[in-house]
Amino acid sequence: MPLPPSMRNRALLLASLLLTGCGHSDAYVVAGIPQQEGPLAANDPVRLTFDTGKDRFPTLAPDDRTLWFSFQSVERTDGDRCLASMPAAGGTRTEYCLLDFATRNVRDGFDQPTPGPGGRLLYARFTSDIGAFLPDSGSLLLADVASPLTARTLLRLPTNIDGVGFTYIGRIRWLAPDRFIFVGEDMSVRRICGSCAAKDTIYRGSALIDGRLTATGAAFAVIPGSISASDFAISSAGDSLYFSQTDDDPVVPPQRSNRIFVIPVGGGTARIVYTGTPGDTIYSVARIGGRLAVTSKGAINAVDLTAGTLTNLARAGSISGASGFGMVSASSDGCTLLAEFRRAEGFAHTTDLYRLGIGGAPCV
């Protein structure tokens, strides 16, 4: 059972007094908050999170035992997005947030938590006025999974690298203990419809950025051939990058392309390896063994680039209240897929995380 508000507030305050860190004395950690009242469903896909807000950016630790993600709870009046970890099979989450009273006039967003080798954790932090559509500032941070909010800054946003400017950090993936790749994106605001006042934040892919840790911070470079990349996956051999793309049309709002490209991990000429049906859009991509998982038009499909075949893994219409899938992420063995599942709520949406088992050899 969830703690009553009075008990929970006391627990949060106590935790905040116990936790110390470099410039983060206003942080707290909460463990053991139930995510559901009963056991996980036995059918597949399996719902992992039950928060009434937005649970996003799922990523498994290298040992596939712990799930990291970002959540935005409706209980938080400041609208902050916090970090969270929980067992990969589901259960309870541990929260890593900033106290409301310490940041009551600022909205903090912790996005894209990505655990890596040696217990390291990369993630992005953004701050803005409450109610603002765009952040005032952002940063890429490096921490340990044991103390995520005690972090050092690797990069500040907005920034320009090799002539490519971006204001937001998208997908992050580790390539080696001292090397990682992320998507640089540009954020903007547009009206949802021509005659209404409702607005939405949109993201345009800028490029894939190669990051290398150094003794004093990190060095960054744009990966040649990756301009307009919106999401990506690393090949099983670690020598190639498969990426989706934002169509670069300055007249209309940016749209996701229906194609997947491949380039060498060090950059090169992009080559098309998959094209969806006309009018189709690819939102996210992840590697599942020798195949790619792509989210497209409310479905998740497995693309076998060798055989040239496509297999449906899940459809939004098969789950009650579905309006589509968002970002997907896979386990290291490619046998488990994590997906953001969206439910429409007017112009907005709520997001939960689901786990899908991937059939076929070598997965059981």
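The points below go through a predicted model, from its overall make-up to single residues.

1. Overall make-up. The protein has 364 residues, of which 50% count as buried. Its secondary structure comes to one helix and 28 strands. Among contacts between residues at least 6 apart in sequence, 48% join residues at least 24 apart. The exposed surface of the protein is about 16200 Å², and carbon and sulfur atoms supply 53% of that area.

2. The disulfide. A search of the whole structure gives one disulfide. The link is formed by Cys82 and Cys97, with 2.3 Å between the sulfur atoms. Cys82 belongs to strand β5 (residues 82–87) and Cys97 to strand β6 (residues 92–98), so the pair ties together parts that are 15 residues apart in sequence. The angle about the S-S bond is 120°, which makes the link of Cys82 and Cys97 right-handed. Both Cys82 and Cys97 are buried.

3. The largest nonpolar core. This core has 25 residues, and Leu140, Phe180, Phe182 and Phe220 are those with the most contacts inside it. At least two residues come from each of β8 (120–129), β9 (137–144), β10 (147–157), β12 (164–166), β13 (168–176), β14 (179–191), β15 (199–213) and β16 (218–222). The top contributor is β13, with four residues.

4. Phe182 and the second core. Leaving aside residues up to four places away in sequence, Phe182 touches Leu140, Leu155, Phe166, Ile169, Arg171, Ile172, Ala207, Leu208, Ile209, Phe220 and Phe232. A second core, separate from the one above, has 16 residues; among them are Ile300, Phe341, Leu356 and Ile358.

5. Leu154. This residue lies in strand β10. Its relative accessible area is 10%; the cut-off for buried is under 20%, and Leu154 is therefore buried. The C-alpha atoms of Leu154 and Gly217 are 5.5 Å apart, although the two residues are 63 apart in sequence. Not counting residues up to four places away in sequence, Leu154 touches Leu122, Leu140, Leu142, Phe180, Leu213, Gly217, Ala218 and Phe220. Of these, Leu140, Phe180 and Phe220 are also among the residues with the most contacts inside the largest core.

6. Gly205. Strand β15 contains Gly205. With 5% relative accessibility, Gly205 counts as buried. Between the C-alpha atoms of Gly205 and Gly184 there are 6.5 Å, and along the chain these residues are 21 apart. Beyond residues up to four places away in sequence, Gly205 touches Gly184, Glu185, Ser228, Ala229 and Thr246.

7. The hairpin of β20 and β21. Strand β20 (residues 259–264) pairs with strand β21 (residues 271–275) in the antiparallel sense, over four bridges. Within this pairing, Val262 stands opposite Arg271 in β21. Six residues lie between the two strands of the hairpin, and in the turn Gly267 has a positive phi of about 100°.

8. The four-stranded sheet. An open sheet with antiparallel pairing is formed by four strands in the order β22-β23-β24-β25. Its edge strands, each paired on one side only, are β22 (282–288) and β25 (309–315). On average, neighbouring strands of this sheet are turned by 25° against each other, direction ignored.

9. The β22 end of that sheet. The edge strand β22 is mostly covered, with five of its seven residues buried. Strand β23 (residues 291–296) runs antiparallel to β22 and is joined to it by six bridges. The bridge partner of Arg287 is Leu292 in β23. There are two residues between the strands of this hairpin, where Gly289 takes a positive phi near 65°.

10. The β25 end of that sheet. Strand β24 (residues 299–304) pairs with β25 over six bridges, again in the antiparallel sense. Opposite Ala299 stands Arg315 in β25.

Conventions
Residues are numbered from 1 along each chain as its sequence is written. This is a predicted model: local features need pLDDT of at least 70, side-chain atom pairs count only at pLDDT 80 or more; totals for chains, interfaces and linings use all residues. Side-chain values use heavy atoms; hydrogens and water are left out. A disulfide is a pair of cysteine sulfur atoms within 2.5 Å. Buried means under 20% relative accessible area, exposed over 50%, partly exposed in between (1.4 Å probe, protein chains only). Two strands pair if DSSP finds at least two bridges between them. Axes are lines fitted to C-alpha atoms, for helices over the stretch in contact, and angles run from 0 to 180 degrees between N-to-C directions. A nonpolar core is a set of buried Ala, Val, Leu, Ile, Met, Phe, Trp, Tyr and Cys residues joined through side-chain atoms within 4.5 Å. Contact means heavy atoms within 4.5 Å. Accessible areas come from the Shrake-Rupley method with a 1.4 Å probe; for residues, only the protein chains shown count as cover.
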